[in-house]
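Dear colleague,

I am passing on a structure that is new to you, and below it I describe what was found when it was examined. Please have it open while you read.

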Amino acid sequence: MTTIKVNEQTKTGKAFMAMFEAFFKGVEGIEIVEPTYGKVNEEPSIYSSEFIEKVKKAEENIRQGKTTRLNPDDIWGSIL
């Protein structure tokens, strides 16, 4: 098997894909395989969707400066 990488955003890449499709469309043994960006090692998450949403919300709050500072000498007093 041979892999050919084609940048379809360039003029040459567009021309190559047009030529390829014209000559080889439907030919057995030759196929176009779309890239699988971001799908490497894609496995089901061990975390619940509720937990993931809480983490995302916390990250957003941190970016916006919505945080609480704890006094290390009086943690319970800082929380309450």
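I begin with Ile62, which has its place in helix H2. With a relative accessibility of 57%, Ile62 counts as exposed, because the cut-off for that class is over 50%. Between the C-alpha atoms of Ile62 and Tyr47 there is a separation of 21 Å, the two residues being 15 apart along the chain. Please keep in mind throughout that this is a predicted model.

Helix H2, which covers residues 49–63, also holds the pair Arg63 and Glu60, and because these two are three residues apart in the helix, about one helical turn separates them. Arg63 and Glu60 form a salt bridge, in which the closest N and O atoms are 3.1 Å apart, and the structure as a whole holds one salt bridge. As for how the two partners sit relative to the surface, Arg63 is exposed, with a relative accessible area of 62%, whereas Glu60 is partly exposed, at 35%.

Turning to helix H1, which runs over residues 11–24, you will find Met19 there, and Glu21 has its place in helix H1 as well. Met19 has a relative accessibility of 38% and therefore counts as partly exposed, while Glu21, with a relative accessible area of 44%, is likewise partly exposed. From Glu21 to Ile32 the distance in space is 9.0 Å, taken from C-alpha to C-alpha, and in sequence these residues are 11 apart.

Met19 also belongs to a nonpolar patch on the surface, which has an area of about 630 Å² and which is made by Ile4, Phe16, Met19, Phe23, Phe24, Val27 and Ile30. Ile4, named in that patch, appears again in the largest pocket, where Thr3, Ile4, Lys5, Ile32 and Val33 are the lining residues that lie nearest the centre. Ile32, whose distance from Glu21 was given above, is thus met a second time in this lining.

How many residues line the largest pocket, and of which classes are they? The lining consists of 18 residues, and by class these are 11 nonpolar, three polar and four charged. The space that lies in this pocket comes to about 770 Å³.

With best regards

Note on methods. Residues numbered from 1 in each chain as written. Predicted model: local features only at pLDDT ≥ 70, side-chain atom pairs only at ≥ 80, totals over all residues. Heavy atoms only, no water. 1 Å grid on protein atoms, 1.4 Å probe; cavity = no way out; pocket = protein on both sides within 12 Å on 5 of 7 lines; lining within 4 Å. Points joined across faces, edges and corners; volume = space filled by probe spheres on them. Nonpolar A, V, L, I, M, F, W, Y, C, P; charged D, E, K, R; others polar. Patch = residues over 30% accessible without salt bridge, like charges linked within 9 Å, V, L, I, M, F, W, Y side chains within 5 Å. Areas by Shrake-Rupley, 256 points an atom, 1.4 Å probe, with all protein chains shown as cover. Salt bridge = Lys/Arg side-chain N within 4 Å of Asp/Glu carboxyl O. Helix = DSSP H or I, 4+ residues; strand = E, 2+ residues; numbered from the N terminus. Buried < 20%, exposed > 50% of the residue type's maximum accessible area, 1.4 Å probe, protein only.
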